[in-house]
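Please examine the structure shown below together with its sequence. The paragraphs that follow lead through its pockets, its surface and its side-chain contacts.

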Amino acid sequence: LNAASKLAFVASEEQCAETNTRIREEALRSCPSDISRANLISSMRAYIRRVLGDFEVFEGLIPSLIKVTPGATESRSRIHSLPQLKLTLRPYISSKASDQIRSLYRSFGFDKVRPRVCDTNRIELVPKDWRKNRTIACEPEGNLAFQLAFDTWAKRRLRRFGIDLTDQSANQRLARLGSTSGLYATVDFSSASDTIAYNTVAWI
């Protein structure tokens, strides 16, 4: 199972690398090769800006959005990741988040924080179902607080636009209707989340 999962992971990474190269080449062109696609990207960016709102507002709310969970991190297995064990003065962080994390620690009274830079995450294989495993990324513990803060903020903003990720009742209702009437179906692509390439996100 692990060997098959690793092969699937590598295949997805190779596909992402190809996508990143293709998008990078497109972005470097002074004149887009496909005007309709350029217009689509522009409208997607506008929608995302509208949904996520003002970054400075989010930034100001970060201290109130912070939470610490028991999930595994880049440097700690799940068994060593209880929230109280993560509250360390030497957290692992990514270099681009260094200034923000130092500032956040100081705002909570931890002036002696000495973070250690780690610009990678740790990949693990965990059971997906009885047939195969899936990959997960364990992030540096210093970054997790910011990522979870953004998760909370994004879900709040999405609710304003009628998308409530905390309530599955609409999905359950449509799934039941689809199974009884045949009017709806779920399209499930293989490795869908694993093939969301970095430049795809950066582009939009």
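The lining of the second largest pocket comprises 9 nonpolar, 5 polar and 3 charged residues. These values belong to a predicted model. The pocket has a volume of about 560 Å³, and 17 residues line it. Phe-55, Phe-58, Ile-62, Phe-146 and Phe-150 are the lining residues that lie nearest its centre. Two elements, helix H3 (55–65) and helix H6 (141–160), each give two or more residues to this lining. Of the elements, H6 gives the most, with 5 residues.

The largest pocket has a volume of about 1,100 Å³. Its lining is made up of 32 residues, and by class these are 13 nonpolar, 9 polar and 10 charged. Which residues lie nearest the centre of the largest pocket? They are Phe-9, Glu-13, Thr-135, Ser-193 and Asp-194. At least two lining residues are supplied by each of helix H1 (2–28) and strand S4 (133–138). The largest share of this lining comes from H1, which provides 8 residues. As a general point, rolling a probe the size of a water molecule over the atoms shows where empty space is left.

The elements named so far belong to a protein that has 8 helices and 4 strands. Along the sequence, these follow the pattern α-α-α-α-β-α-β-β-β-α-α-α. The protein contains 204 residues, of which 25% are buried.

Helix H6, already met in the lining of the second largest pocket, also carries a salt bridge between the side chains of Asp-151 and Lys-155, with an N to O distance of 3.2 Å. Why are Asp-151 and Lys-155 separated by about one helical turn? The reason is that they are 4 residues apart in helix H6. Asp-151 counts as partly exposed, because its relative accessibility is 29% and the buried class ends under 20%. Lys-155, at 28% relative accessibility, likewise counts as partly exposed.

The structure holds 2 salt bridges. Besides the pair in H6, Glu-124 forms a salt bridge with Arg-122, and here the closest N and O atoms are 2.2 Å apart. Glu-124 is partly exposed, with a relative accessible area of 27%. Arg-122 is also partly exposed, its relative accessible area being 22%. In general terms, side chains of opposite charge can pair when their charged atoms come close.

Two arginines illustrate how residues apart in sequence are placed in space. Arg-50 and Arg-157 are 107 residues apart in sequence, and their C-alpha atoms are 9.3 Å apart. Arg-50 lies in helix H2, which covers residues 35–52. At 47% relative accessibility, Arg-50 counts as partly exposed, since the exposed class requires a value over 50%.

The surface offers a further feature. Tyr-47, Phe-161, Ile-163 and Leu-165 make a nonpolar surface patch of about 330 Å². One of these residues, Phe-161, lies in the loop between H6 and helix H7 (169–181). Phe-161 is partly exposed, with a relative accessible area of 32%. This value admits Phe-161 to the patch because patches are made of residues with over 30% relative accessible area.

The path continues into the loop between H7 and helix H8 (198–203), where Ser-191 lies. The phi of Ser-191 is near 55 degrees, a positive value in a residue other than glycine. Is Ser-191 buried or partly exposed? Ser-191 is partly exposed, with a relative accessible area of 27%.

Ala-185 is also found in the loop between H7 and H8. At 75% relative accessibility, Ala-185 counts as exposed, since this class takes values over 50%. Ala-185 and Ala-175 are 10 residues apart in sequence, with a C-alpha to C-alpha distance of 7.8 Å.

Key:
Residues numbered from 1 in each chain as written. Predicted model: local features only at pLDDT ≥ 70, side-chain atom pairs only at ≥ 80, totals over all residues. Heavy atoms only, no water. 1 Å grid on protein atoms, 1.4 Å probe; cavity = no way out; pocket = protein on both sides within 12 Å on 5 of 7 lines; lining within 4 Å. Points joined across faces, edges and corners; volume = space filled by probe spheres on them. Nonpolar A, V, L, I, M, F, W, Y, C, P; charged D, E, K, R; others polar. Patch = residues over 30% accessible without salt bridge, like charges linked within 9 Å, V, L, I, M, F, W, Y side chains within 5 Å. Areas by Shrake-Rupley, 256 points an atom, 1.4 Å probe, with all protein chains shown as cover. Salt bridge = Lys/Arg side-chain N within 4 Å of Asp/Glu carboxyl O. Buried < 20%, exposed > 50% of the residue type's maximum accessible area, 1.4 Å probe, protein only.
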